[in-house]
Amino acid sequence: MSSPRLLTRDVPPDSAHALREAGFSPLLSRLFAARGVLSRDELDPDLKHLLPPEGPLGMLGIDKAAVLLADAITAGERICIVADYDCDGATACAVMLRGLALLGAKPGTVSYVVPDRAVHGYGLTPTIVELALKHEPRLLVTVDNGIASHAGVAFARELGLKVLVTDHHLPAVTADGQPTVPDADALVNPNQPGCPFPGKSLAGVGVAFYVLTVLRGELRRRGAFGAPGEATPPRLDGLLDLVALGTVADVVRLDANNRRLVAQGLRRMRAGRMQPGVQALFTAASRDASRANSFDLGFALGPRINAAGRLDDMTLGITCLTTDDAEQALALARELDRINRERREIEAGMQEQALALLERLMTDPRLNGAPPPALALFDADFHEGVVGIVASRIKDRLHRPVFVFAEGADGQLKGSGRSIPGFHLRDALDLVSKRHPELLKKFGGHAMAAGCTLGPGGVDAFRAAFEDVAREWLDEASLTRTLRTDGPLPPEAFCAETVQELEAQVWGQAFEAPLFCDRVQVVNQRIVGERHLKLRLRQGAWIRDAIWFGHTEQLPEQVTLAYRLSLDEFQGQQRVQMVVEAMAE
């Protein structure tokens, strides 16, 4: 993997000054200003600052959704939640199940179904409708899916069921490029045509939470919690640990609204006020919930929930998040941990196979030893549940848009893709489908992640078409990996207090954790654990400890490193160290 280009973020001086005047430390003021923060209000985690779900800039269809749900609860009708098989879908399902119970749904009236990735595919398909019928529902509610489920919604309504779609994905488009949505009884999605809600980056679990807040208002107006004006409706903030987990795990943009949701969830976790399943996941992952941060959610808890949907049955993950029995939750969390270890082993093998495939592709003399502008990889032994992770790893390694395909149980080729800035993956698939109408059986997704299905033997044709789009859309600068850093870290800030101050903030997608950059002298370097480089560095008058995970090549004596700060704890002692992310050219 070649060294990236390191660029230092611009820090608007007026913004940094305003944040210092508002009481933030000089370091945080600089970091926040570099990420576009203009005022203290943007960083206030209080829920009163959440974007309102109703009003002129409210979510299209959310009032209608609340009426549908309130009618069903009042009449004691059966409701079936149709979940998705990733962490966002699992947490959204748990939020809806717990939320409806809090708001008065009678015991036994709310159930759920979740597709098996290998058997049912994605979304509210007619097959999933038939599966849901076993619960005898009158209302189907999708979470984190449904915006592209035209056939499933139509089939359900033909059977006399009402359908509420809650989703956050982009809608499908017609042949002439117009977005199209299913004919549901109500549809809530900030990314549907005509929706004025400014928080377009909500995860599926965030949309589900917003729907519950409006449902609570509707039930309150009906007197469901007692006489209007006198009753106290149930609190929903107890669900925010789940909202935070799903939001971070789905790698959606952490705009100010999402940061508030995540901050409130983390606050509850640190205080020990979380679902038994979330606490159990911290235990299974050997993480300290009292110091919970967004890294824990994205890289420790999230993958363990996701593993169930990749290799087993997401029912395990949903049950873990919905049980109130701490012992059952811990047993399920440990099973999810075991499945996640199995996932890692499969992923490692697939990544080796993928890199071997790439080496064969690179023998094409037209490439001049450089990888093509986009990649599509397939092997008959690839596991369908892990293609997305492997695509992400290859994308990170080569800085190219990547699709990885595996053969599904039905013989179709199921692909998952990951992209780089400047290459909107779902739009690229749309263009491929227009140029080659018979090639893609179905597709969907976002700018940075998408999925598609090909017929048997379709990979070579897809690869050629995908590469053509990449050649048209990407230039040399786009294909050069770039890391944005926050420049040098002041020597006095290299301390445990700084690490703790940074860990207390909410970082994530589009609000990246601080990455510092300094010129250092390598005093000592050695390989540890066969795969990591342990370093002693001189930075001015100070000696620093550092580690570069997954890197074994020796460094020159003088080097510019991009790094994050962490606290290394051993035998009760804390020591600040650099975690190296990259080396400048």
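User: When do two strands count as paired, and in what order do the five strands of the open sheet stand?

Analyst: Two strands pair if DSSP finds at least two bridges between them. In this predicted model, five strands form an open sheet with mixed pairing. Their order is β9-β10-β11-β13-β12.

User: Which strands stand at the edges of this sheet?

Analyst: An edge strand has a single partner strand, so one side of it is left without a neighbour in the sheet. Neighbouring strands of the sheet are turned by 20° against each other on average, direction ignored. The strands at the edges are β9 (375–378) and β12 (440–445).

User: Which residue of β11 stands opposite F405?

Analyst: Strand β10 covers residues 402–407 and strand β11 covers residues 413–418. These two strands pair in the antiparallel sense over six bridges. Opposite F405 stands G415.

User: What angle does the direction of helix α14 make with that of β11?

Analyst: Helix α14 (residues 387–398) packs on the sheet. The helix touches β9, β10 and β11. Its direction makes with that of β11 an angle of about 40°.

User: How far does helix α16 reach from its first C-alpha to its last?

Analyst: Helix α16 (residues 459–473) has 15 residues. Among its buried residues are V459, F462 and F466. At 1.5 Å a residue the expected span is 21 Å, and the helix comes close to this with a reach of 21 Å.

User: Which helix gives the largest share of the lining of the second largest pocket?

Analyst: This pocket holds about 340 Å³ of space. Its lining has 18 residues, and those closest to its centre include L43, A263 and V506. The largest share, seven residues, comes from helix α9 (residues 256–270).

How values were computed. Residues numbered from 1 in each chain as written. Predicted model: local features only at pLDDT ≥ 70, side-chain atom pairs only at ≥ 80, totals over all residues. Heavy atoms only, no water. Helix = DSSP H or I, 4+ residues; strand = E, 2+ residues; numbered from the N terminus. Expected span 1.5 Å × (residues − 1). Buried < 20%, exposed > 50% of the residue type's maximum accessible area, 1.4 Å probe, protein only. Axes fitted to C-alpha atoms, helices over the stretch in contact; angles between N-to-C directions. Contact = heavy atoms within 4.5 Å. 1 Å grid on protein atoms, 1.4 Å probe; cavity = no way out; pocket = protein on both sides within 12 Å on 5 of 7 lines; lining within 4 Å. Points joined across faces, edges and corners; volume = space filled by probe spheres on them.
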